[in-house]
Amino acid sequence: MGVTGVIKKVAGPLVVAKDMGGANMYDVVRVSRQHLIGEIIEMHGDEASIQVYEETAGLAPGEPVESTGEPMSVELGPGLIGSIYDGIQRPLDDIMKVTGNNLLERGVSVPALKRDPLWHFTPAVKAGDAVTGGDCLGTVQETAIVVQKIMVPPLLKGTVTEIQEGDFHVTDVVAKLTDEDGEVHELTMLQRWPVRRERPYRSKLSPDQPLITGQRVIDTLFPIAKGGVAAVPGPFGSGKTVVQHQLAKWADADIVVYIGCGERGNEMTDVLNEFPALKDPKTGHSLMERTVLIANTSDMPVAAREASIYTGITIAEYFRDMGYSVALMADSTSRWAEALREMSGRLEEMPGEEGYPAYLSSRLAQFYERAGRVQTLGSHPQEGALSVIGAVSPAGGDISEPVTQATLRIVKVFWSLDSQLAYKRHFPAINWLTSYSLYLESLGRWFDERTGGEWMKLRGRLMLILHEESRLNEMVQMVGMDALSAPDRITMEAARSIREDYLHQNAFHETDTYTSLHKQHKLMLLILKWYDDAEEALKHGASADKLISMPVREEIGRFKYVAEKETDEQYETISRELDKEMADAEDEKEAL
């Protein structure tokens, strides 16, 4: 063990200890005889300020504080997938077994990765092979859909002198490696990595592939790249958490890490109940078989919130280093920033805007900058991606507050949730006039290649119609709908179809909850085909009322509920019906 000191002062989650001269910043410490977990966040001479990740009620000056001499680290290895951790990677199910109830008790120490299960290790190298950091020593079939690669620790290289296949616990030695200095390293399936230090990689790649989410408003209008960063700010009740859940369920990622950072307990309960029951559309297995959950609810000690997003992103980086595409959801970074503000206040630091610490922006940047599409370490580099989507909960929906503004300076996708849309029951309540994606240019080629060069052109037309509707709405409010010309009425109807039939999506409908790019493309074509044909029919004297009330428009609206396998057939059927009804509308005019 490291340095031992004594408590001098207790202020909520902040404990000041003296006689800690030999300790280091960010060392993990055990506070009091109850061995509460804490971390040194400030040093003044021999006095250490410690944020304690457990309830500090009852602590008193004079009690011992013992430094472990090691930074806050996570355990990485088989057993991560399907686990539910608190903010400092303590498995909640194991804590419940130890304590006999579902309340977190102080001082409970359980290992992050379960030590009992045996995992079958299959070597990928043999004795005598030279390996370097990031190389795959062997594999473990962790779940039915996730193969975990046991990698050489990033900072180690040498020659494999011994490796064996078989069933092992995570702490058993599976290989021995001799480095250039002749020192022998015993390697287990378990690694530790400090959470505040980014895991290394070879190089970052351009964000030119989209993370397909199956959510039409996102994929079509405001896409995110694999390895990209996005923010979902919105007021209370606007659907942030449902958007996060939808992305966790359907995003085109191999692994999902979901961090409930300071969220309400009932929302985390929904996640814990939903995810095991949900079928992964790609594999047919339970979604939990590729998910890691970090549940740090609002009633848990506030300091652990601050650690939770680092715990989550370090686990996500570990899977990225295996060559997987990982999606990390942080819900919400506002609660994390509030924890930062509380600790800063306890430390008596000079407050910045609205009481947040002056280093809020840099801390947020350190977190989001760990995202990216990368070439991994190792002799045979792979491509891995870590996409980060952070929810922000600005008080009163005011996005000019510091956390939202600091986030927007960092992220490249802004999905602006609108309370007005939410009140109208339009979900996802992403406002198409105020949201943006800075990845559009780099992703456009990818989309166009898969749709014969049409995607970006169709997307541009949808946005143009929506903006035109916004302009016409101002006129309608002044002089009424009757004052609009027939072409303007057709534009308004096309915009309504885009809003209600395309952008509105039911997260709880078994078919509408996810829409493939192919189906999105066909639905865009149908809406715009009606619009173009209606404009042409108007020129030939057709009635606007007749065009607006066409029965086929109901079929276009219901197209989103068509099963994926029936998409092409239904598209052809509706197209033929649309042609027929358009011809009828024009014939009716000629007859008159």
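In which loop does Gln 215 lie? In this predicted model, Gln 215 is placed in the loop between β18 (203–204) and α2 (216–221). The briefing below begins with that residue, then turns to the nonpolar cores, the pairing of strands around β6, and the largest pocket, whose lining includes residues of β6 and β3.

**Gln 215 and its surroundings**

- Gln 215 has a relative accessible area of 4%, and it therefore counts as buried, since that term applies to values under 20%.
- The side chain of Gln 215 comes to 3.1 Å from the backbone oxygen of Thr 513, and Thr 513 also appears among the residues in contact with Gln 215 once neighbours within four places in sequence are left aside.
- On that same basis, the other contacts of Gln 215 are Gln 246, Leu 247, Trp 250 and Gln 505.

**Nonpolar cores**

- In soluble globular proteins, nonpolar side chains tend to be buried together.
- Here the largest nonpolar core comprises 157 residues, and the members with the most contacts inside it are Phe 319, Leu 328, Trp 415, Trp 530 and Leu 547.
- The greatest contribution to this core is made by helix α13 (residues 517–539), which supplies 12 residues.
- Another core, made up of 14 residues, lies apart from the largest one, and its members include Leu 36, Ala 48, Val 52 and Leu 59.
- Leu 328, when its neighbours within four places in sequence are set aside, is in contact with a number of residues, among them Val 257, Ile 259, Ile 313, Phe 367, Leu 386 and Val 388; its contacts also include Gly 312 and Ser 387.

**Strand pairing around β6**

- Strand β6 (residues 64–71) pairs with strand β1 (residues 4–11) in the antiparallel sense, over three bridges, and within this arrangement Val 6 has Pro 64 of β6 as its bridge partner.
- Strand β6 is also joined to strand β3 (residues 27–31), again antiparallel, by four bridges, and Arg 30 is found opposite Glu 66 in β6.

**The largest pocket**

- The volume of the largest pocket is about 850 Å³.
- The pocket is lined by 34 residues, of which Glu 70, Ser 73, Val 74, Glu 75 and Arg 192 are the closest to its centre.
- Two or more lining residues come from each of β3, β6, β7 (73–76), β16 (184–188) and β17 (191–194), and β17 gives the most, with four residues.

Definitions and conventions:
Residues numbered from 1 in each chain as written. Predicted model: local features only at pLDDT ≥ 70, side-chain atom pairs only at ≥ 80, totals over all residues. Heavy atoms only, no water. Buried < 20%, exposed > 50% of the residue type's maximum accessible area, 1.4 Å probe, protein only. Polar contact = N/O pair within 3.5 Å; in protein donor to acceptor, adjacent residues only side chain to side chain. Contact = heavy atoms within 4.5 Å. Core = buried A, V, L, I, M, F, W, Y, C linked by side-chain atoms within 4.5 Å. Pairing = 2+ DSSP bridges. 1 Å grid on protein atoms, 1.4 Å probe; cavity = no way out; pocket = protein on both sides within 12 Å on 5 of 7 lines; lining within 4 Å. Points joined across faces, edges and corners; volume = space filled by probe spheres on them.
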